[in-house]
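Grab a pencil and work through these exercises with the model open beside you. Each one sets a task and then walks through the solution.

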Amino acid sequence: MEILPAIQQRRSVRAYTAQPVPETQLQAVLEAARLAPSARNLQAWRFIVVRAAATRARLAAAANRQAFVGQAPVVIAGCAVNTEYVMRGGQLAYPIDLAIALDHMTLQAAAAGLGTCWIGSFLEDEVRHVLGIPDGVRVVCLLTLGYPADVPPPKNRRPAAQIIAHERWTF
(Lines give C-alpha, C1' and ligand atoms only; values in the text may rest on other atoms or scores of the structure.)
Protein backbone atom coordinates (compact mmCIF):
# COMPACT_ATOMS: atom_id res chain seq x y z
CA MET A 1 0.00 0.00 0.00
CA GLU A 2 1.48 3.32 -1.12
CA ILE A 3 -0.05 6.53 0.19
CA LEU A 4 2.81 8.94 -0.54
CA PRO A 5 2.03 9.17 -4.29
CA ALA A 6 -1.52 10.36 -3.52
CA ILE A 7 -0.11 12.93 -1.10
CA GLN A 8 2.43 14.09 -3.69
CA GLN A 9 -0.16 14.50 -6.47
CA ARG A 10 -2.90 16.14 -4.40
CA ARG A 11 -3.46 19.78 -5.32
CA SER A 12 -6.05 22.43 -4.53
CA VAL A 13 -8.03 22.31 -7.77
CA ARG A 14 -9.96 25.43 -8.74
CA ALA A 15 -11.05 24.47 -12.27
CA TYR A 16 -13.17 21.43 -13.06
CA THR A 17 -14.49 19.70 -16.15
CA ALA A 18 -18.23 19.06 -16.45
CA GLN A 19 -17.64 15.30 -16.31
CA PRO A 20 -19.75 13.85 -13.48
CA VAL A 21 -18.09 11.98 -10.64
CA PRO A 22 -19.01 8.30 -10.90
CA GLU A 23 -21.09 7.05 -7.97
CA THR A 24 -18.47 4.42 -7.11
CA GLN A 25 -15.76 7.09 -6.83
CA LEU A 26 -17.98 9.36 -4.73
CA GLN A 27 -18.82 6.49 -2.40
CA ALA A 28 -15.12 5.66 -2.01
CA VAL A 29 -14.38 9.29 -1.08
CA LEU A 30 -17.21 9.27 1.46
CA GLU A 31 -16.07 5.91 2.83
CA ALA A 32 -12.63 7.40 3.43
CA ALA A 33 -14.28 10.03 5.64
CA ARG A 34 -16.42 7.48 7.43
CA LEU A 35 -13.34 5.44 8.34
CA ALA A 36 -11.36 8.44 9.64
CA PRO A 37 -10.42 8.46 13.31
CA SER A 38 -12.08 10.91 15.68
CA ALA A 39 -11.65 11.90 19.31
CA ARG A 40 -13.20 9.24 21.57
CA ASN A 41 -14.53 7.72 18.32
CA LEU A 42 -17.45 10.14 18.56
CA GLN A 43 -17.69 10.45 14.78
CA ALA A 44 -19.54 13.72 15.43
CA TRP A 45 -19.43 14.77 11.81
CA ARG A 46 -22.04 14.79 9.09
CA PHE A 47 -21.45 15.29 5.37
CA ILE A 48 -23.91 16.82 2.94
CA VAL A 49 -23.26 15.88 -0.69
CA VAL A 50 -24.49 18.51 -3.15
CA ARG A 51 -24.78 17.73 -6.85
CA ALA A 52 -27.66 19.98 -7.92
CA ALA A 53 -26.31 22.84 -10.07
CA ALA A 54 -28.64 25.45 -8.55
CA THR A 55 -27.59 24.56 -5.01
CA ARG A 56 -23.91 24.53 -5.97
CA ALA A 57 -24.36 28.02 -7.45
CA ARG A 58 -25.85 29.21 -4.17
CA LEU A 59 -22.94 27.67 -2.28
CA ALA A 60 -20.50 29.44 -4.61
CA ALA A 61 -22.17 32.74 -3.73
CA ALA A 62 -21.98 31.88 -0.02
CA ALA A 63 -18.30 30.99 -0.50
CA ASN A 64 -17.45 34.61 -1.20
CA ARG A 65 -18.43 34.26 -4.85
CA GLN A 66 -15.74 31.70 -5.67
CA ALA A 67 -17.18 30.56 -9.01
CA PHE A 68 -15.26 27.28 -9.12
CA VAL A 69 -17.26 26.07 -6.11
CA GLY A 70 -20.34 26.03 -8.31
CA GLN A 71 -18.38 24.65 -11.26
CA ALA A 72 -17.31 21.47 -9.42
CA PRO A 73 -19.74 18.61 -10.06
CA VAL A 74 -19.88 17.83 -6.33
CA VAL A 75 -19.59 19.98 -3.23
CA ILE A 76 -19.45 18.33 0.18
CA ALA A 77 -20.22 20.28 3.34
CA GLY A 78 -18.43 19.00 6.43
CA CYS A 79 -20.52 19.66 9.53
CA ALA A 80 -19.94 19.14 13.26
CA VAL A 81 -22.82 17.97 15.44
CA ASN A 82 -20.88 18.06 18.71
CA THR A 83 -18.98 21.30 19.15
CA GLU A 84 -18.45 21.11 22.91
CA TYR A 85 -16.03 18.23 23.41
CA VAL A 86 -12.56 19.40 24.45
CA MET A 87 -9.70 16.91 24.36
CA ARG A 88 -7.32 16.56 27.29
CA GLY A 89 -4.76 18.71 25.51
CA GLY A 90 -7.22 21.62 25.63
CA GLN A 91 -8.20 21.55 21.95
CA LEU A 92 -11.73 21.43 20.64
CA ALA A 93 -12.18 18.06 18.96
CA TYR A 94 -14.54 18.96 16.13
CA PRO A 95 -12.24 21.06 13.90
CA ILE A 96 -9.48 18.47 14.23
CA ASP A 97 -11.80 15.53 13.61
CA LEU A 98 -13.27 17.15 10.52
CA ALA A 99 -9.81 18.08 9.25
CA ILE A 100 -8.75 14.44 9.48
CA ALA A 101 -11.90 13.24 7.71
CA LEU A 102 -11.55 15.86 4.96
CA ASP A 103 -7.91 14.99 4.46
CA HIS A 104 -8.83 11.32 4.08
CA MET A 105 -11.35 12.38 1.43
CA THR A 106 -8.82 14.50 -0.47
CA LEU A 107 -6.29 11.68 -0.55
CA GLN A 108 -8.83 9.11 -1.72
CA ALA A 109 -9.93 11.54 -4.42
CA ALA A 110 -6.33 12.14 -5.52
CA ALA A 111 -5.67 8.40 -5.69
CA ALA A 112 -8.72 8.10 -8.00
CA GLY A 113 -7.61 10.92 -10.30
CA LEU A 114 -10.14 13.40 -8.90
CA GLY A 115 -9.42 16.94 -7.76
CA THR A 116 -10.52 18.66 -4.59
CA CYS A 117 -10.25 22.01 -2.91
CA TRP A 118 -10.80 22.58 0.75
CA ILE A 119 -12.93 25.73 1.13
CA GLY A 120 -12.62 27.62 4.40
CA SER A 121 -13.74 30.99 3.06
CA PHE A 122 -17.52 30.99 3.27
CA LEU A 123 -20.37 32.60 5.18
CA GLU A 124 -21.45 29.87 7.57
CA ASP A 125 -24.96 31.23 8.15
CA GLU A 126 -25.53 31.42 4.38
CA VAL A 127 -24.35 27.85 3.85
CA ARG A 128 -26.49 26.73 6.77
CA HIS A 129 -29.51 28.44 5.17
CA VAL A 130 -28.86 27.01 1.68
CA LEU A 131 -28.50 23.46 3.01
CA GLY A 132 -31.16 23.57 5.74
CA ILE A 133 -28.65 22.93 8.52
CA PRO A 134 -30.11 23.48 12.01
CA ASP A 135 -28.75 25.83 14.65
CA GLY A 136 -26.17 24.15 16.85
CA VAL A 137 -24.52 22.38 13.91
CA ARG A 138 -21.31 24.01 12.67
CA VAL A 139 -20.36 24.08 9.02
CA VAL A 140 -16.61 23.64 9.27
CA CYS A 141 -15.63 23.34 5.62
CA LEU A 142 -16.74 22.81 2.07
CA LEU A 143 -14.95 20.44 -0.26
CA THR A 144 -15.19 20.66 -4.04
CA LEU A 145 -14.81 17.40 -5.93
CA GLY A 146 -14.50 16.62 -9.62
CA TYR A 147 -12.18 16.02 -12.53
CA PRO A 148 -9.55 18.76 -12.81
CA ALA A 149 -9.70 20.97 -15.91
CA ASP A 150 -6.00 21.60 -15.33
CA VAL A 151 -3.44 20.41 -12.83
CA PRO A 152 -1.89 23.18 -10.77
CA PRO A 153 1.86 22.94 -10.27
CA PRO A 154 3.10 21.79 -6.87
CA LYS A 155 3.54 24.46 -4.24
CA ASN A 156 6.88 25.02 -2.62
CA ARG A 157 7.25 23.28 0.72
CA ARG A 158 9.78 24.09 3.39
CA PRO A 159 12.69 21.67 3.72
CA ALA A 160 12.28 19.05 6.46
CA ALA A 161 15.04 20.63 8.55
CA GLN A 162 12.95 23.81 8.88
CA ILE A 163 9.86 22.05 10.21
CA ILE A 164 11.05 18.93 12.03
CA ALA A 165 13.01 18.76 15.27
CA HIS A 166 13.99 15.65 17.20
CA GLU A 167 13.66 15.21 20.94
CA ARG A 168 13.20 18.95 21.71
CA TRP A 169 12.52 22.38 20.17
CA THR A 170 15.58 23.37 18.15
CA PHE A 171 14.20 25.87 15.65
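Before starting: axes are lines fitted to C-alpha atoms, for helices over the stretch in contact, and angles run from 0 to 180 degrees between N-to-C directions. Helices (H or I, at least four residues) and strands (E, at least two) are DSSP runs, numbered from the N terminus. You're looking at a predicted model, so local features need pLDDT of at least 70 and side-chain atom pairs count only at pLDDT 80 or more, while totals for chains, interfaces and linings use all residues. Residues are numbered from 1 along each chain as its sequence is written, and side-chain values use heavy atoms, with hydrogens and water left out.

**Exercise 1. Describe how H2 packs on H5.**

Step 1: Two packed helices are described by the angle between their axes and the distance between the axes. For H2 (residues 23-34) and H5 (residues 93-111), the angle is about 145° and the axes lie 7 Å apart.

Step 2: Get the handedness. A crossing is left-handed if the near helix is turned anticlockwise from the far one by less than a right angle, and right-handed if clockwise. H2 crosses H5 in the right-handed sense.

Step 3: List who touches whom, with contact meaning heavy atoms within 4.5 Å. H2 brings Ala 28, Val 29, Leu 30, Ala 32 and Ala 33, and H5 brings Ala 101, His 104, Met 105, Gln 108 and Ala 109.

Step 4: Sort them by class. Ala, Val, Leu, Ile, Met, Phe, Trp, Tyr, Cys and Pro count as nonpolar, Asp, Glu, Lys and Arg as charged, and the others, Gly among them, as polar. That makes 8 nonpolar, 2 polar and no charged residues in the contact of H2 with H5.

**Exercise 2. Do the same for H3 and H6.**

Step 1: H3 (residues 53-62) and H6 (residues 124-131) pack at about 170°, and their axes are 9 Å apart.

Step 2: Put a word to the angle. Under 35 degrees counts as roughly parallel, over 145 as roughly antiparallel, 65 to 115 as roughly perpendicular and the rest as oblique. H3 and H6 are therefore roughly antiparallel, and their crossing is right-handed.

Step 3: Thr 55, Arg 58, Leu 59 and Ala 62 of H3 meet Glu 126, Val 127, His 129, Val 130 and Leu 131 of H6. By class, this contact of H3 with H6 holds 5 nonpolar, 2 polar and 2 charged residues.

**Exercise 3. Which residues touch the most other members of the largest nonpolar core?**

Step 1: Pin down the terms. A nonpolar core is a set of buried Ala, Val, Leu, Ile, Met, Phe, Trp, Tyr and Cys residues joined through side-chain atoms within 4.5 Å. Buried means under 20% relative accessible area, exposed over 50%, partly exposed in between (1.4 Å probe, protein chains only).

Step 2: The largest core has 23 residues, and Leu 59, Val 69, Ile 119, Val 127, Leu 131 and Leu 142 touch the most other members. At least two core residues come from each of H3, H4 (67-71), S2 (74-80), S3 (115-119), H6 and S4 (138-146).

Step 3: Zoom in on Leu 142. Beyond its neighbours within four places in sequence, its contacts include Ala 63, Val 75, Cys 117, Phe 122 and Val 127.

Step 4: Don't miss the second, separate core of 21 residues, with Val 21, Leu 26, Val 29 and Leu 102 among them.

**Exercise 4. Is Glu 124 buried or exposed?**

Step 1: Find Glu 124 in H6.

Step 2: Its relative accessibility is 17%, so Glu 124 counts as buried.

Step 3: Leaving aside neighbours within four places in sequence, Glu 124 contacts Val 137, Arg 138 and Val 139.

**Exercise 5. Where do Gln 43 and Asn 64 lie, and what is phi at Gln 43 and at Asn 64?**

Step 1: Gln 43 sits in the loop between H2 and S1 (45-50). Phi there is near 50°, a positive value in a residue other than glycine.

Step 2: Gln 43 is partly exposed at 32% relative accessible area. Apart from neighbours within four places in sequence, Gln 43 contacts Arg 34 and Ser 38.

Step 3: Asn 64 is in the loop between H3 and H4. Its phi is positive, about 55°, although Asn 64 is not a glycine. With 41% relative accessible area, Asn 64 is partly exposed.
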